[in-house]
Amino acid sequence: MTPPVRIGVLGCADIARRRMLPAMAALPQTVPAAVASRDPEKARATAGPFGARPVSGYGELLARDDIDAVYVPLPAALHEHWAEAALRAGKHVLAEKPLTLDPAATRRLLALARARGLVLMENVMFVHHPQHARVRELVASGAIGELRAFDAEFSIPSLPEQDIRLRPELGGGALWDVGVYPVRAALHLLDEDPRVAGAALVRAPGDEVATGGAALLRTGSGVLARLAFGMRHAYRNTYALCGSEGRITVDRAFTPPADHRPVIRLERGGAHEEFVLEPADQAVATLRAFAHAVRTGHHIDTDGPLRQALLLDAVRRQAV
């Protein structure tokens, strides 16, 4: 049998404790081998429930020879530095989104990974959930006719004032934290990469980062994509594909719980149809894809991070 990929975790972020470490422990293809923190007690508390080894400091974890890969759930502004450090230490890397805050940095890291024969994967989990493959099948079958428009929104309620996602020096802001979801969805579900036709970012009084935004995109064939995102909003997590003959809607599109039964709604000619799918854990699916890439050298989506980085940067540059 192929041995599991031994993963070391840099930091004790909530996403690591709540989703990724449990998924690593549940999946036969991976094992949570170590958790590093500058605070030894925090490392022990996070590593203990998963049988992982606590390590003091990120550099010490990267120097270990019993680690095959590294998961980087640090603040966005730190992804580039530690992803590069891990690659140069000979480790495969699964980094939280966005991989970097700059397309040139993303391109450079991807080139470094290729040159060293290592896997560098961005942890955009929703693209590995089977509900989106089913949506693509429906569109390809002509269920809604010719695609005309795409709408997507991901918004979350206000964060605590001390939250790192509100700190500009750590890469905070709505575009990087929640805007990445509708942007990546447009890239994932449309047949052509869209261009930015217009964008806006808004900042709530007292905030140092943009806490909301919207973008209008257009493909070469004329499909419009309307994206919205925010961090001071009522919760919304959805997308819709509108065609010449019907419409497909998906709720809980980007962060469905592992036990959620997805419902894909199809409206066509005044009739309504629902496709109810089996629950799926997208964290497990993502780690399965990562482990497969590490063990086989076959990376499923090598250009996704760069396409996403370029589109996010275009939204940022054109925002008013």
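Two strands count as paired here if DSSP finds at least two bridges between them. I worked from a predicted model, and these are my notes on it.

**Entry 1: strand β4 and its neighbours**

I started with β4 and β5, where strand β5 covers residues 92-96. The two strands pair in the parallel sense, and I found four bridges between them. In this pairing, Tyr 71 stands opposite Leu 94 in β5.

I then looked up β1, residues 5-10, which runs parallel to β4 and is joined to β4 by three bridges. Here Gly 8 has Val 70 of β4 opposite.

Next I checked where the side chains of β4, residues 69-72, point. Ala 69 and Tyr 71 point one way, while Val 70 and Val 72 point the other way. Are these residues buried or exposed? I noted all of them as buried.

I also followed the chain from β4 through helix α4, residues 76-88, to β5. Together they make a β-α-β unit, and I recorded its hand as right-handed.

**Entry 2: salt bridges**

How many salt bridges does the model have? I got a count of 28, using the rule that a side-chain nitrogen of Lys or Arg lies within 4 Å of a carboxyl oxygen of Asp or Glu. I looked at three of the pairs in detail.

The first pair I noted was Glu 84 with Arg 108, whose closest N and O atoms are 2.9 Å apart. Glu 84 is in helix α4 and Arg 108 is in helix α5, residues 103-116, so the salt bridge ties together parts 24 residues apart in sequence. Glu 84 has 18% relative accessibility and counts as buried, because buried means under 20%. Arg 108 is partly exposed, at 35%.

I went on to Glu 278 and Arg 261, which form a salt bridge with closest N and O atoms 3.4 Å apart. Both lie in loops: Glu 278 between β14 (271-276) and α8 (282-296), Arg 261 between β12 (246-251) and β13 (263-268). They are 17 residues apart, and the pair links distant parts of the chain. Glu 278 is exposed, with a relative accessible area of 55%, whereas Arg 261 is partly exposed at 41%.

My third pair was Asp 313 with Arg 316, where the closest N and O atoms are 2.7 Å apart. Both residues belong to helix α9, residues 304-318, and are three residues apart, about one turn of the helix. I found Asp 313 buried, with a relative accessible area of 11%, and Arg 316 partly exposed, at 39%.

I then looked for salt bridges that share partners, and noted one network made of Glu 80, Glu 84, Arg 88 and Arg 108.

**Entry 3: the largest pocket**

I turned to the largest pocket, which has a volume of about 1,400 Å³. I counted 50 residues in its lining. Which of them lie nearest its centre? They are Ala 13, Asp 14, Ile 15, Ile 164 and Arg 165.

I next checked the helices in the lining: α1 (14-26), α4 and α7 (174-189) each supply at least two residues. Helix α1 gives the most, with five residues.

Last, I sorted the lining of the largest pocket by class, and wrote down 29 nonpolar, nine polar and twelve charged residues.

Note on methods:
Residues are numbered from 1 along each chain as its sequence is written. This is a predicted model: local features need pLDDT of at least 70, side-chain atom pairs count only at pLDDT 80 or more; totals for chains, interfaces and linings use all residues. Side-chain values use heavy atoms; hydrogens and water are left out. Buried means under 20% relative accessible area, exposed over 50%, partly exposed in between (1.4 Å probe, protein chains only). A crossover is right-handed if, with the strands pointing away from the viewer, the path from the first strand over the helix to the second runs clockwise. On a 1 Å grid over the protein atoms alone, a cavity is a set of points where a 1.4 Å probe fits but cannot get out, and a pocket is an open set with protein on both sides within 12 Å along at least five of seven lines; lining residues have an atom within 4 Å of a point. Grid points are joined across faces, edges and corners, and a volume is the space filled by probe spheres set on the points. Ala, Val, Leu, Ile, Met, Phe, Trp, Tyr, Cys and Pro count as nonpolar, Asp, Glu, Lys and Arg as charged, and the others, Gly among them, as polar.
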